[in-house]
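Here is a set of exercises to work through with the model open beside you. Try each task before reading its solution.

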Amino acid sequence: MASNDRDRLLLSAITMNNASHFAHGLWRRPDAARQRDFERLPEWLDLVKTLERGRFDMLFLADVLGAYDVYEGGWETTVREGTQFPTNDPLVLLAALSGGSEHLGLALTSSVFYQHPFPFARQISTLDHLSGGRVAWNVVTSVIENGVRNVGLDQLPAHDDRYRWADEYVEVVYKLWERSWEDGALRKDVAAGVFTDPARVHEIAHRGERYRVGGPHLSAPSPQRTPVMLQAGSSDAGREFAAAHAEVVLIVATTPGSAGKLAADIRRRAVAAGRRAEDVKFLVAMTFVVAPTERQAKDLDADLAAWLSDDGIYAQISGHLQLDLSTIDLDRPLDEFETEGMQGILRDMRERVPPERRAETTYRDVIDGFARRRFVGSPERVADEIERWAAAGMDGVNVLEMIRPDSYEDFVDLVVPVLQERGLSQRDYRPGTLREKIFGAGPRLPATHPAVAARPDG
Ligand SMILES: Cc1cc2nc3c(=O)[nH]c(=O)nc-3n(C[C@H](O)[C@H](O)[C@H](O)COP(=O)(O)O)c2cc1C
């Protein structure tokens, strides 16, 4: 097991504020009404209750700020298929869910292109206050051309430039969260008539390549100050960024071996950057189809898989790869192509095919192996599979649904008890903020994190 202090696995539910996150097409099922009605709060309140019953660490909401617009030359297929469209705002939903949950981490994705860091920092501080310190932020750099055109850019900056943009963005928000307010500044001193001590509140006076931010931060320090930092890129630039900033890295991999290699590499880079090996944890995204017996699981899987939509899947993957899959023969052997899109995922897709078999492996094989990959089995076999990934260095699982909330209900009712029985899953929550629950230390970032250098005493 990779982490030094791990006594259990982390469980996260990765989904999205829409009707079709990853298993596209399944929203059409007769029993998927709750998923189709994703705009309604009661469905989500039920989901967070289920996740807390299963002692999940986090509800993680992915996000996009535009429609995938590469497949078939535009966004029409995306819109028709419901492929992450429409998608509602994750932060607003998590604010509502903070009132209907007590322990669950509330994780959202927000791209550095989506909004200016000043209002973003205030939104996060507000949610961290309201939720008692349960917020996590997945810092992403976006791959959707349509998304950046919605926020004033003509085109997506080049891959590595997006990470340089991210570097400055996190510098600004760290200054707001960690430096602007000293501890004890908020007095609420009725007798003295001092709400906040002005001597302990500071401007940040950031002047960088892209941002000019004066400060002070408009929110007082929240329980965690900086939310738990998540990151999901796995290109070279993405690994460097994760190594510097991430506390939890989200991994998509096709084999435990490739996941373990990626985790070891990011951990090595983190240590080289002055952080401790145990400062970074790894969650692998997995889809499970589970039922009480193997036979029932196989039947359920056949029933679910029949609804998957090729067009829905290709609309998303074309966007990820920035390659219009309708323009290439998918039965052509996999060859080399480069992308300005998600390089890490492409690399993993390629690496799972041994070089000597590339000539006979097609684009379709590799793409379907990524988008349709799921583990089917009884609760015991699912738990065995999770243990296999844990043995390769994963600290936990990011559970993707086939249908929502059914996939999470099945996981909580069938798999969690087996994991608990094996001592791999918590039976109760640790007290405190999300960071305390995950790392077992304090509510704030450890001194080894670069954000801490932004503190007045850092
Ligand atoms: C598990 C996982 C979840 C992701 N979630 C989002 C998301 O919600 N929104 C988004 O724009 N990108 C998302 N991404 C994309 C990454 O943040 C990143 O931009 C992309 O993988 C390209 O980075 P790379 O080329 O360094 O691998 C996700 C990636 C992974 C692996």
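## Exercise 1: A buried arginine and its loop

Arg225 is buried, at a relative accessible area of 4% (buried means under 20% relative accessible area, exposed over 50%, partly exposed in between, with a 1.4 Å probe and protein chains only). Before going on, a word on the ground rules: this is a predicted model, in which local features need pLDDT of at least 70, side-chain atom pairs count only at pLDDT 80 or more, and totals for chains, interfaces and linings use all residues. Residues are numbered from 1 along each chain as its sequence is written, and side-chain values use heavy atoms, with hydrogens and water left out.

**Task.** Locate Arg225 among the strands and describe its backbone.

**Solution.**
1. Find the loop between β8 and β9; Arg225 lies there. Helices (H or I, at least four residues) and strands (E, at least two) are DSSP runs, numbered from the N terminus.
2. Check the backbone: phi of Arg225 is positive, about 55 degrees, although the residue is not a glycine.
3. Stay in this loop, which runs between β8 (212-213) and β9 (228-231), and find Pro216. A cis peptide bond joins Gly215 to Pro216, with omega at about 0 degrees.

## Exercise 2: What surrounds Trp181?

**Task.** Is Trp181 buried or exposed, and which residues is it in contact with, leaving aside neighbours within four places in sequence?

**Solution.**
1. Look in the loop between α7 and β5 (186-189), where Trp181 is found.
2. Trp181 has a relative accessibility of 8%, so it counts as buried.
3. List the partners, where contact means heavy atoms within 4.5 Å. Beyond four places in sequence, Trp181 is in contact with Leu186, Thr196, Arg200, Val201, His217, Ser219, Ala220, Pro221 and Arg225. The arginine of Exercise 1 is thus one of the contacts of Trp181.
4. For a residue elsewhere in the model, try Ala253: 72 residues from Trp181 along the chain, with the two C-alpha atoms separated by 40 Å.

## Exercise 3: A second positive phi and a second cis bond

**Task.** Where does Ala205 lie, and is it buried or exposed?

**Solution.**
1. Go to the loop between β6 (194-196) and β7 (206-207), where Ala205 lies.
2. Its relative accessibility is 56%, so Ala205 counts as exposed.
3. Ala205 is not a glycine, yet its phi is positive at about 45 degrees.
4. Now move to the loop between β13 (396-400) and α15 (406-421), which holds Pro405. Arg404 and Pro405 are joined by a cis peptide bond with omega of about 10 degrees.

## Exercise 4: Helix residues and their distant partners

**Task.** Place Asn146, Tyr174 and Glu240 in their helices, and pair each with a residue elsewhere in the sequence.

**Solution.**
1. Begin with helix α6 (residues 145-149), which contains Asn146. This asparagine is buried, at 13% relative accessible area.
2. Asn146 and Ala67 are 79 residues apart in sequence, and their C-alpha atoms are 6.1 Å apart. Not counting residues up to four places away, Asn146 touches Gly66, Ala67, Asp69 and Trp75.
3. Helix α7 (residues 159-179) holds Tyr174, which is buried at 4% relative accessibility. Between Tyr174 and Ala121, 53 residues apart along the chain, the C-alpha separation is 8.7 Å.
4. In helix α8 (residues 236-245) you will find Glu240, which is partly exposed at 44%. The C-alpha atoms of Glu240 and Tyr163, 77 residues apart along the chain, are separated by 9.3 Å.

## Exercise 5: Stepping back to the whole chain

**Task.** How many helices and strands are there in the chain, and what is its average pLDDT?

**Solution.**
1. Count 16 helices and 13 strands.
2. Of the 458 residues, 59% count as buried.
3. The C-alpha trace spans about 75 × 50 × 45 Å along its principal axes.
4. Consider contacts with a separation of 6 or more: residues 24 or more positions apart account for 77% of them.
5. Finish with confidence: pLDDT is the predictor's confidence in each residue, from 0 to 100. The chain averages 92, and 93% of the residues score at least 70. Over residues 1-6 the pLDDT is below 50, and this stretch has 13 contacts in the model beyond near neighbours in sequence.
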